[in-house]
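Colleague: I am new to reading protein models. Could you walk me through some features, one step at a time?

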Amino acid sequence: MKFIHIADVHLGAEPEAGAALRGRRGREIWDTFEHVIDVCEEQNTDLLLIAGDLFHRQPLLKELKEADSMFATLNHTKVVLIAGNHDYIRSDSYYRTFRWSQNVFPLLEETPEYMEFPELETAVYGLSYHHREITEPLYDDLEPLGKQPFEILLGHGGDERHIPIDRRKLERSGFAYVAMGHIHKPQALVKNRIIYAGALEPVDKNDTGLHGYVQGEITEKGVRTRWIPCARRSYIHLELTVDETDTQRSVRNRIGQEINNYGNDNIYKIELNGCRDADISFDTDYLLQQAAESGNVLEVLDGSVPAYDFERLYRENRDNLLGKYIDRFRGCNEESEEYQALCEGVEVLLACRREGGGAW
Ligand SMILES: [Mn+2]
């Protein structure tokens, strides 16, 4: 029995993407979803498992129709899905009345139910969210009923407010495979057995790293899985360490090079750190605007500190507040928070002196 397991597709989301991609990310999520449907068709996949949050919020009727029209193209694959905390079954949800294509089997009850596929010797268990939050550990005592040789649990949650799970209980429960959703970072809780497919496409700037789906096969010998990255773009948090030789121009050029190295299709958050020349300051608006020429950039943050000659500053200011301030930090390690406080304090004191005409 060959399956593909996806989760947290969040159709209908419009993730942050930077000026050049504004309004396009939402479409890309649909395109990647369609790509997975095409893969199911090409590979004759038996089951497509969708572990919740197929939609980003209450699905519109046109969104259900759009998704179902893709499922309807599948000649072989059967689709099983549950609703997660984002697309939970509200009292007025279109999920309640929608008529799916005949190869689609939604498990929309609030309590566990199962769907049997005798021709695949498989049964799939699951339940759907009817509220935004479920704090009871509903999966902890769930056990397969032995209806079919291969029994799968489709689950969504795993944090405190969304069906907390006990990994060991779940491991002992007897399901051949547990297809999890909700945590956007792909990960295996138990190798080949309990897996978070991760968000199909990153939907938030903190969904860094690669995204994709799980391809698996269940035989009498057990389960084998492979994780396939397929997302169109990644969010990358880029840290750039500056030193005393850097200027606005050199940092601009280095950001451009980094974006070229990591890929112009990706979406960046850039943070400067390290010690800059004390006479240089970086204009982050300018750097953001320039970086946008090379790629998709959400923000440029400047966390660099000026590299002061503290000994000289101390000698020149030993009788005033600046000198006394520097003296308090004598001997602190350059990697420490104290050093950070020293740099930032000196920066403020010097700025005050410039603006205030010299007196503290
Ligand atoms: Mn979720």
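Colleague: Let me start with a single residue: is Asp302 buried, partly exposed or exposed?

Modeller: Good place to begin, and please keep in mind that this is a predicted model. A residue counts as buried under 20% relative accessible area and as exposed over 50%. Asp302 has a relative accessible area of 31%, so it is partly exposed.

Colleague: Which residue does Asp302 form a salt bridge with?

Modeller: For a salt bridge, we look for a side-chain nitrogen of Lys or Arg within 4 Å of a carboxyl oxygen of Asp or Glu. Asp302 has such a bridge with Arg276, and their closest N and O atoms are 3.9 Å apart. Asp302 belongs to strand β15 (residues 296-302) and Arg276 to strand β14 (residues 267-277), so the bridge ties together parts that are 26 residues apart in sequence. Arg276 has 5% relative accessibility, so this partner counts as buried.

Colleague: How many salt bridges are there in the whole structure?

Modeller: The search finds 21. Let me show you another one: Glu28 pairs with Arg233, with the closest N and O atoms 2.5 Å apart. Glu28 sits in helix α1, while Arg233 sits in the loop between β12 (222-229) and β13 (235-242), so this pair links parts that are 205 residues apart in sequence. Both Glu28 and Arg233 are buried.

Colleague: Which residues are linked with Glu28 and Arg233 in a network of salt bridges?

Modeller: The network also takes in Arg25, Glu201, Arg232 and Asp265. When you look at a bridge, it helps to check whether its partners take part in others.

Colleague: How is the chain divided into domains?

Modeller: There is domain 1 (2-229) and domain 2 (235-355). Their C-alpha centres lie 44 Å apart.

Colleague: How much area do domain 1 and domain 2 bury between them?

Modeller: The general idea comes first: the size of an interface is often given as the accessible area lost when the parts come together. Here, domain 1 and domain 2 bury about 850 Å² between them, and 58% of it is on carbon and sulfur atoms. On the side of domain 1, the residues that lose the most area to domain 2 are Glu16, Lys205 and Thr208, together 43% of what that side buries. You can also count contacts: 14 residues of domain 1 touch 7 residues of domain 2.

Colleague: How many salt bridges and polar contacts are found across this interface?

Modeller: The rule finds 1 salt bridge across the interface of domain 1 and domain 2. It also finds 2 residue pairs in polar contact there. As for the kinds of residue, the side of domain 1 that touches domain 2 has 5 nonpolar, 4 polar and 5 charged residues.

Colleague: You mentioned Lys205; which residues does Lys205 form salt bridges with?

Modeller: One is Glu16, with the closest N and O atoms 3.8 Å apart. Glu16 lies in the loop between β1 (2-6) and α1 (25-42), and Lys205 in the loop between β10 (194-196) and β11 (212-219), so the pair ties together parts that are 189 residues apart in sequence. The side chain of Lys205 also meets that of Glu299 in a salt bridge, at 3.8 Å from N to O. Glu16 counts as partly exposed at 44% relative accessibility, and Lys205 counts as partly exposed at 24%.

Colleague: Now for a strand residue: where does Met180 lie, and is Met180 buried or exposed?

Modeller: Met180 lies in strand β8 (residues 177-181). Its relative accessible area is 0%, so Met180 is buried. Setting aside neighbours within four places in sequence, Met180 is in contact with several residues, including His5, Ala51, Ile165 and Tyr196.

Colleague: And what about backbone angles: which sign does phi have at Asp53?

Modeller: Asp53 has a positive phi of about 55°, although it is not a glycine. This residue lies in the loop between β2 (47-51) and α2 (61-71). At 1% relative accessibility, Asp53 counts as buried. Asn192 is another non-glycine residue with a positive phi, of about 65°, and it is found in the loop between β9 (187-190) and β10.

Methods:
Residues are numbered from 1 along each chain as its sequence is written. This is a predicted model: local features need pLDDT of at least 70, side-chain atom pairs count only at pLDDT 80 or more; totals for chains, interfaces and linings use all residues. Side-chain values use heavy atoms; hydrogens and water are left out. Helices (H or I, at least four residues) and strands (E, at least two) are DSSP runs, numbered from the N terminus. Buried means under 20% relative accessible area, exposed over 50%, partly exposed in between (1.4 Å probe, protein chains only). Domain bounds come from an automatic or database domain assignment. Contact means heavy atoms within 4.5 Å. Buried area is the accessible area (1.4 Å probe) that two parts lose on being put together, summed over both. A polar contact is a pair of N or O atoms within 3.5 Å; within protein, one must be able to donate a hydrogen and the other to accept it, and residues adjacent in sequence count only if both atoms are side-chain atoms. Ala, Val, Leu, Ile, Met, Phe, Trp, Tyr, Cys and Pro count as nonpolar, Asp, Glu, Lys and Arg as charged, and the others, Gly among them, as polar.
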